[in-house]
Amino acid sequence: MSTTTYAVSGMSCAHCKATLTKVIGELDGVTGVDVDLAAGQVTVTSTTEPDDALLGEVVDDAGYELTGRTA
């Protein structure tokens, strides 16, 4: 299992949280998504190392901006 946290801008409400949970959760290998609106972070749990480019693409398509992994 791999857990990776990303900084995502543009999230502000429960709808944002639901949208990102849905679109990221549909990716192959993703077993969990935790959206922290206050921190502007999304934590992704997956069976393999996540594909940052693919995650960035689905987050962008949903109307948000993945700005990178957090430390």
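This is a short dialogue on reading a predicted model of one protein chain.

Visitor: Where do I start? Which helices and strands does the protein chain have, and how many?

Guide: Start with the elements. The protein chain has two helices and four strands. Then read their order along the sequence. Here the pattern is β-α-β-β-α-β.

Visitor: How compact is the protein chain for its length?

Guide: Set the radius of gyration beside the globule rule. The radius of gyration is 11 Å, close to the 11 Å that the rule gives for 71 residues, so the protein chain is as compact as a globular protein of that length. For its extent, look at the principal axes. The C-alpha trace spans about 30 × 25 × 20 Å along them.

Visitor: What share of the residues is buried?

Guide: Buried residues make up 34% of the 71 residues. Look at the outside as well. The accessible surface of the protein chain comes to about 4,000 Å². Carbon and sulfur atoms account for 50% of that surface.

Visitor: How far apart in sequence are the residues that contacts join?

Guide: Leave out the short-range pairs. Take contacts between residues at least 6 apart in sequence. Of those, 63% join residues at least 24 apart.

Visitor: Now the cysteines. How many disulfides are there?

Guide: Check the distance between sulfur atoms. A disulfide needs a pair of cysteine sulfur atoms within 2.5 Å. By this rule the count is zero.

Visitor: Why does Cys13 not form a bond with Cys16?

Guide: Cys16 holds the cysteine sulfur closest to that of Cys13, but the two are 3.5 Å apart, too far for a bond. Start from Cys16 and the closest cysteine sulfur is the one in Cys13, again at 3.5 Å.

Visitor: Is Cys16 buried or exposed?

Guide: Compare relative accessibility with the cut-offs. Buried means under 20%, and partly exposed lies between that and 50%. Cys16 has 5% relative accessibility, so Cys16 counts as buried. Cys13 has 31%, so Cys13 counts as partly exposed.

Visitor: Let us end with one residue. Where does Ser46 lie?

Guide: Find its element, then its cover. Ser46 lies in strand β3, which runs over residues 41–46. Ser46 is buried, with a relative accessible area of 3%.

Visitor: What lies 2.6 Å from a polar atom of the Ser46 side chain?

Guide: Look for backbone partners too. In this case the partner is the backbone oxygen of Thr48.

Visitor: Which residues does Ser46 contact, leaving aside neighbours within four places in sequence?

Guide: Ser46 is in contact with Met1 and Ser2. Gly29, Val30 and Thr31 also touch Ser46.

Key: Residues numbered from 1 in each chain as written. Predicted model: local features only at pLDDT ≥ 70, side-chain atom pairs only at ≥ 80, totals over all residues. Heavy atoms only, no water. Rg over C-alpha atoms; globule rule 2.2 N^0.38 Å. Buried < 20%, exposed > 50% of the residue type's maximum accessible area, 1.4 Å probe, protein only. Contact = heavy atoms within 4.5 Å. Areas by Shrake-Rupley, 256 points an atom, 1.4 Å probe, with all protein chains shown as cover. Polar contact = N/O pair within 3.5 Å; in protein donor to acceptor, adjacent residues only side chain to side chain.
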